[in-house]
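Visitor: Could you take me on a close look at a single part of this model, with the cut-offs spelled out as we go?

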Amino acid sequence: MTKTSIIGAIAAVLVIISAFLPWISVPVNGQALVFTGLQSEGSSFGEPGKLSIAVAVMVLVLFLIPKAWAPRVNLFTSAFLAAWAFRNMLIYSRCEMGICPDQKIGLYLSLLGALAAFVCVLAHRRQFTK
């Protein structure tokens, strides 16, 4: 395994972990509602953490496969993961009806891990055998 594959695999694990961490908190009626990627009861956000976990697992597995086709497939899957994390950042951090949520660490770690995995796929060098 190359260094970029190891760093990319760690970044994919970071995306999986961040789905369970708090993404935002919204003040409502004197109390704060905390939303994660998997728990968003009382909102219309859905559960985007499930897709993040599924795609991050695919990215992780593709980093571990030492075949020539794996980085090519991983380019698409990691780009999708980065786009999905960016979409989550836009949706979860927007203000609605004058109420702006407080962004938490999980939202930032999800985006950081997805972008790091994508950069690792771009920087991956195939090892040639003679």
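Guide: **A close look at helix α3**

At 1.5 Å a residue, the 23 residues of α3 should span 33 Å, and its end C-alpha atoms agree with that at 32 Å apart (the expected span is 1.5 Å times one less than the number of residues; helices are DSSP runs of H or I with at least four residues, strands runs of E with at least two, numbered from the N terminus). This is a predicted model, where local features need pLDDT of at least 70, side-chain atom pairs count only at pLDDT 80 or more, and totals for chains, interfaces and linings use all residues. Residues are numbered from 1 along each chain as its sequence is written, and side-chain values use heavy atoms, leaving out hydrogens and water.

Now to the rings: the whole structure holds two aromatic pairs (ring centres within 6.5 Å, using the six-membered ring of Trp; planes under 30 degrees apart are stacked, over 60 edge-to-face, the rest tilted). Trp-23 and Tyr-92 meet edge-to-face, 5.0 Å centre to centre with 75° between the planes. This pair links distant parts of the chain, as Trp-23 lies in strand β1 (residues 22-28) and Tyr-92 in helix α3 (residues 70-92), 69 residues apart. Both Trp-23 and Tyr-92 are buried (under 20% relative accessible area; exposed is over 50%, partly exposed in between, with a 1.4 Å probe and protein chains only).

Phe-80 and Trp-84 are stacked, 6.3 Å centre to centre and 15° between the planes. They are separated by about one helical turn because they stand four residues apart in α3. Phe-80 is partly exposed at 35% relative accessibility, whereas Trp-84 is buried at 18%.
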